[in-house]
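Let's poke around a protein model together and see what stands out. Grab a coffee and have a look.

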Amino acid sequence: MAGITAGNLIHIPDLPVMIFLSIALLLLLVASIKGWKALIVGCLATSLLLLGILNINLCLYPDTTPANISNYTGKEKITIEGIVCKNPLTSPDRANLIVAATEIIKDGAITPVEGKILLSVRNGGWLYKYGDLIRARVRLKIPHNFNNPGGFDYEKYLRYRGIRVRGFIYNPSNIVIIRENRGNALKIRLEKFRSGLRKLIEENSPSSEGKILQALILGEKKEIPKNVRENFNKAGISHVLAISGLHIGIIAFLSVLIIRYIMKSSEYLLLRFNIIRVSAIFAFLPIIVYAFIAGFGISTVRATIMILAFLVAILCGKERELFNTLALAAFGILVISPASLFDISFQLSFTAVAAILFIAPRLTSLIPKGNPDETGKSNYYQKRLLLSVVLFIIVSFSATLGTIPLIAFYFNRISTIVLLSNILIIPIIGFIVLPLGMATIVVFPISTSLAVVFIKISSFFVGISVSIIDFLAALPHSSFLVTTPTLIEIMAYYLLLITTVKLIDVWKGKNNLPLPPFKKGGIKGFVWFKIAFALLILFFIGDGIYLHIKDTNTGHLKTTFIDVGQGSSTLVEFPAGTKMLVDGGGFYSKSFDIGRYVVAPFLWHERIKNVDIVVLTHPQSDHLNGLIYILDNFNVREVWSNGEIANTKTYRNFIRIIEEKHITHKIVSEDTPEKRIGGINIRILNPEKPITKENSSVRFDIVNNNSVVIKLTFGKVGILLPADISEPVETRLVSDNIDLRSNVLMAPHHGGFTSSTPPFLKRVRPDIVVFSCGMDNVFRDPHPDVLRRYKTIGSKIFRTDKNGAVTIITDGEDILTRVFMK
């Protein structure tokens with residue numbers, strides 16, 4: 001894992017790694033012959049570390065030939081042919097196809113190519129399936145990230161899966177199926193079976209319950225409605241929607257239970273065979289069948305390997321070597337797929353299991369054993385049932401303790417009802433719905449009618465689960481959002497957890513309770529755990545105090561131009577701690593929530609939970625759409641806008657949230673009095689008058705020129721945020737003799753040709769200009785002529801498409817500029 005991590009952080013060329021690996025292996029051979037145990041351990045560890053580097057290099061930096069499809073990216077569309085090599089990931093508005101390219105057709109010439117392409121197909125994407133040979137006319141491009149602190153590395157995520165090129169198809173006429181069934185024959189048959197099962201579920205359970213059934217049986221969770229997924233997240237039970245170790249483990253448990261029941265019915269079988277090992281062997285088949293029917297996706301494969309490793313340990317008589325078995329499963333997975341180390345499901349699964357193995361036995365040993373029951377079987381069974389419930393709670397509690405930091409790091413949400421949700425939902429989903437799903441798989445080829453019965457029963461119980469989750473998620477404070485913890489905080493948490501569990505051992509030792517053998521030195525040897533516990537508690541107290549006071553009286557004005565692609569979003573952090581977000585970015589298509597997946601992660605990374613003021617400069621999608629999530633989740637106190645009304649669903653949601661949350665809504669214009677926050681003067685320079693419903697426009701140029709223009713002044717430093725104004729407004733601002741001089745300027749209208757006119761730039765005279773624009777955007781912003789104008793006046797140019805997030809920090813005298821990408 002250390003080698004994989006190192007290779008992921010830094011590109012280490014293969015040649016020096018292979019040289020050092022050869023030396024390490026040679027020393028390992030010598031040490032083995034001589035019996036030098038210390039050197040054996042060191043050389044073995046070094047060899048594994050170097051192998052980890054080589055393994056991840058194969059994922060991230062594979063050797064490419066001139067025929068690789070990545071050499072055919074560009075601004076022009078090309079015609080490609082290829083085979084759909086993975087199950088398409090479908091959602092209500094699109095399908096993502098992973099296509100193994102075979103050839104490109106250009107000017108009548110056919111050129112063989114290789115490599116995978118991620119094709120996003122709108123309108124009709126559900127028509128495509130594994131094994132289809134397709135031909136598409138598409139513009140290919142290299143995937144890119146939104147380059148902000150705390151952002152998701154999408155480019156590397158695709159590289160892990162061998163994908164270096166992607167394309168978008170908006171018109172169905174640009175893609176056709178040439179032939180079918182061109183993939184692996186066995187997998188094609190499997191996909192036909194899955195397709196028939198999917199159709200049966202859709203016909204007999206068309207609601208959200210059916211979509212959840214598809215997720216549990218077929219591993220397809222993309223079509224689960226957004227509100228259902230959100231409620232499952234709030235309840236802390238979203239892991240049941242993705243096939244993981246929980247599902248495979250339950251299948252294994254039920255299989256073992258059934259086989260043991262069958263064997264116990266025969267005295268001959270009990271005497272002839274080892275019941276534990278036989279039941280473990282027979283559990284292999286249902287696990288593998290379920291994994292294949294579930295699509296054998298990456299997370300399913302990992303979960304299958306994990307559970308099979310534990311079954312193998314049972315067969316080998318190593319069932320007590322639980323931590324070694326867990327490590328073996330992780331090692332096997334990482335050898336096959338080193339990139340799994342950075343997958344959320346891998347980290348959560350193994351951390352949860354490790355926490356259960358480490359914590360649950362200690363907590364279980366605290367349960368009073370009681371006296372032998374002499375009152376009859378009914379009392380005995382009641383106690384057994386109560387004990388089972390307590391054990392289930394302990395296991396859930398242990399897994400929760402183990403995964404809290406990772407959930408906070410990746411999802412920024414902590415559920416306060418996670419234990420209750422698990423207690424109520426896991427028995428229903430795990431021990432009713434999942435077995436019925438397996439039964440559906442088994443009987444579907446034999447009797448469709450019986451399969452329908454199982455589907456309807458399953459849907460009924462899924463409906464009960466959804467109703468419970470809806471109720472729990474609606475409870476006040478059922479969950480809360482948290483900022484992204486640092487790696488140091490996560491490490492400190494796990495050290496505190498380990499120390500606390502060890503202190504339980506100390507307490508048990510003092511009270512003469514059963515416990516694992518102490519190390520030499522007895523209980524006194526654990527004094528270091530007590531010291532560590534105290535130091536870690538002090539660390540978290542100090543950390544909390546720091547987070548509370550870090551933004552108060554900083555003496556600096558910090559302005560960050562967030563990379564939101566072709567749009568605009570600017571965070572202003574005032575010296576006294578007030579936060580202002582000017583616009584939120586966004587796309588015309590609402591399929592990707594830039595507020596949720598770009599702006600919010602950046603804010604959480606900066607440890608920001610509250611945004612005091614949100615400014616909507618004008619209600620166009622590339623400025624408005626990202627603000628919806630921010631308004632809904634960041635305790636916004638005030639909204640400033642120019643009063644412009646847009647006849648769009650997003651704008652209506654914008655107004656609805658303001659009204660529902662009782663957020664103060666201020667209409668601003670040039671007439672708005674100058675405001676002072678934390679020593680910073682804020683002046684509104686545009687529009688001239690508030691925009692009313694009567695004079696709101698649908699023309700893009702008018703809406704752009706109605707944008708709110710803000711000038712911030714701190715000491716000798718000025719920062720001008722002109723949004724999307726163009727030549728008419730720039731001319732008015734110059735002719736009105738408004739003080740436009742600013743050290744920092746966000747280029748008007750993303751650097752479009754009709755803005756940044758010479759008279760305007762002459763009056764502003766910016767030392768620094770920041771272009772907020774998307775890479776390879778369709779408008780080709782910033783325009784080359786505009787760039788030349790800024791170069792002519794000597795402005796230092798920064799671009800979010802090339803530099804990522806650009807941060808300007810000033811104390812009113814000096815200016816410090818930081819960029820995410822240099």
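Q: This is a predicted model. Is histidine 477 buried or exposed?
A: Start with where histidine 477 sits: it's in the loop between helix H16 (448-473) and strand S11 (479-481). Its relative accessibility is 70%. The cut-off for exposed is over 50%, so histidine 477 counts as exposed.

Q: And alanine 723, buried or exposed?
A: Alanine 723 is also a loop residue, placed between strand S21 (717-721) and helix H24 (727-735). Its relative accessibility is 3%. Buried means under 20%, so alanine 723 is buried.

Q: What is the phi of alanine 723?
A: Most residues other than glycine have a negative phi. Alanine 723 isn't a glycine, yet its phi is positive, at about 55 degrees.

Q: Which proline is joined to asparagine 686 by a cis peptide bond?
A: Most peptide bonds are trans. Here, though, the bond after asparagine 686 is cis, with omega about 0 degrees. The partner lies in the loop between strand S19 (680-686) and helix H23 (700-705), and it's proline 687.

Q: Which helix holds valine 527, a member of the nonpolar surface patch?
A: The patch includes Val527, Trp528 and Ile531, and its members have about 890 Å² of accessible area together. Valine 527 itself is partly exposed, with a relative accessible area of 40%. It's found in helix H18.

Q: What kind of charge does the patch with Lys221 carry?
A: Lysine 221 is partly exposed at 42% relative accessible area. On the surface it gathers with Lys222, Lys226 and Arg229. Lys and Arg count as positive, so the patch's charge is positive.

Technical notes
Residues numbered from 1 in each chain as written. Predicted model: local features only at pLDDT ≥ 70, side-chain atom pairs only at ≥ 80, totals over all residues. Heavy atoms only, no water. Patch = residues over 30% accessible without salt bridge, like charges linked within 9 Å, V, L, I, M, F, W, Y side chains within 5 Å. Areas by Shrake-Rupley, 256 points an atom, 1.4 Å probe, with all protein chains shown as cover. Salt bridge = Lys/Arg side-chain N within 4 Å of Asp/Glu carboxyl O. Charge placed at Lys NZ, Arg CZ, Asp CG, Glu CD. Buried < 20%, exposed > 50% of the residue type's maximum accessible area, 1.4 Å probe, protein only. Helix = DSSP H or I, 4+ residues; strand = E, 2+ residues; numbered from the N terminus.
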